[in-house]
Amino acid sequence: LVDFWASWCAPCRMMAPVLNDIAAELNENSYVGKVDIQQYQSLAQRFKVRSIPTMILMKNGTEVNRFVGIKSKDYLLKEIVKVS
């Protein structure tokens, strides 16, 4: 799961502890990554991120799902398990 965020984004800051919890619970084959769209604008453009927070669920380097806005820990974990 790749989180596209920015430090000035309040919803992004709200998602941070949720994503930290998810990262702690995942098995060794799943990871949570974070991309600061201010620092890596070209990466955000490449993945067509239009609003934040945007979380892109990837499997083997391919996007399999995308979530925009605040999502619950349970919801995201269920979505990750679906593609594991």
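What pLDDT does the protein chain average, and what share of the residues score at least 70?

## Model and confidence

The structure is a predicted model. Its protein chain has an average pLDDT of 96, and 100% of the residues reach a score of at least 70. Confidence varies along the protein chain from a lowest mean of 95, in α3, to a highest of 98, in strand β1, which covers residues 2-5.

## The sheet

Four strands form an open sheet in the order β2-β1-β3-β4, and their pairing is mixed. The edges are occupied by β2 (33-36) and β4 (62-68), each of which pairs on one side only. From one strand to the next, the twist averages 25°.

Strand β3, residues 54-59, runs antiparallel to β4 and is joined to β4 by six bridges. Within this pair, Thr 54 has Val 68 of β4 as its bridge partner, and Ile 56 stands opposite Arg 66 in β4.

## The β3-β4 hairpin and Asn 60

The hairpin of β3 and β4 has two residues between the strands. Asn 60 is placed in this loop between β3 and β4. Its phi is near 50°, a positive value in a residue other than glycine. Most residues other than glycine have a negative phi. Is Asn 60 buried or exposed? Asn 60 counts as exposed because its relative accessibility is 74%, above the 50% cut-off.

## The loop between α2 and β3

Two backbone features fall in the loop between α2 and β3. Lys 48, which is found in this loop, has a positive phi of about 55° although it is not a glycine. With a relative accessibility of 53%, Lys 48 counts as exposed.

Pro 53 is also found in the loop that runs from α2 (41-46) to β3. The peptide bond from Ile 52 to Pro 53 is cis, with omega near 0°. Most peptide bonds are trans.

## The largest pocket

What volume does the largest pocket have, and which residues lie nearest its centre? The volume is about 260 Å³. The lining consists of 13 residues, and those nearest the centre of the pocket are Asn 29, Ser 30, Tyr 31, Met 58 and Lys 59.

Among the elements that border the largest pocket, β3 and α3 (73-83) each supply at least two residues of the lining. The contribution of β3 is the greatest, at three residues. Strand β3 thus appears both in the lining of the largest pocket and in the antiparallel pair with β4. By class, seven residues of the lining are nonpolar, five are polar and one is charged.

## Helix α3 and Lys 78

Helix α3 contains Lys 78. Lys 78 counts as exposed because its relative accessibility is 58%. The C-alpha atom of Lys 78 is separated by 16 Å from that of Met 15, a residue 63 positions apart from Lys 78 along the chain. Helix α3 is also the element in which the confidence of the protein chain is lowest, at a mean of 95, and α3 supplies at least two residues of the lining of the largest pocket.

Conventions. Residues are numbered from 1 along each chain as its sequence is written. This is a predicted model: local features need pLDDT of at least 70, side-chain atom pairs count only at pLDDT 80 or more; totals for chains, interfaces and linings use all residues. Side-chain values use heavy atoms; hydrogens and water are left out. Two strands pair if DSSP finds at least two bridges between them. Axes are lines fitted to C-alpha atoms, for helices over the stretch in contact, and angles run from 0 to 180 degrees between N-to-C directions. On a 1 Å grid over the protein atoms alone, a cavity is a set of points where a 1.4 Å probe fits but cannot get out, and a pocket is an open set with protein on both sides within 12 Å along at least five of seven lines; lining residues have an atom within 4 Å of a point. Grid points are joined across faces, edges and corners, and a volume is the space filled by probe spheres set on the points. Ala, Val, Leu, Ile, Met, Phe, Trp, Tyr, Cys and Pro count as nonpolar, Asp, Glu, Lys and Arg as charged, and the others, Gly among them, as polar. pLDDT is the predictor's confidence in each residue, from 0 to 100. Buried means under 20% relative accessible area, exposed over 50%, partly exposed in between (1.4 Å probe, protein chains only).
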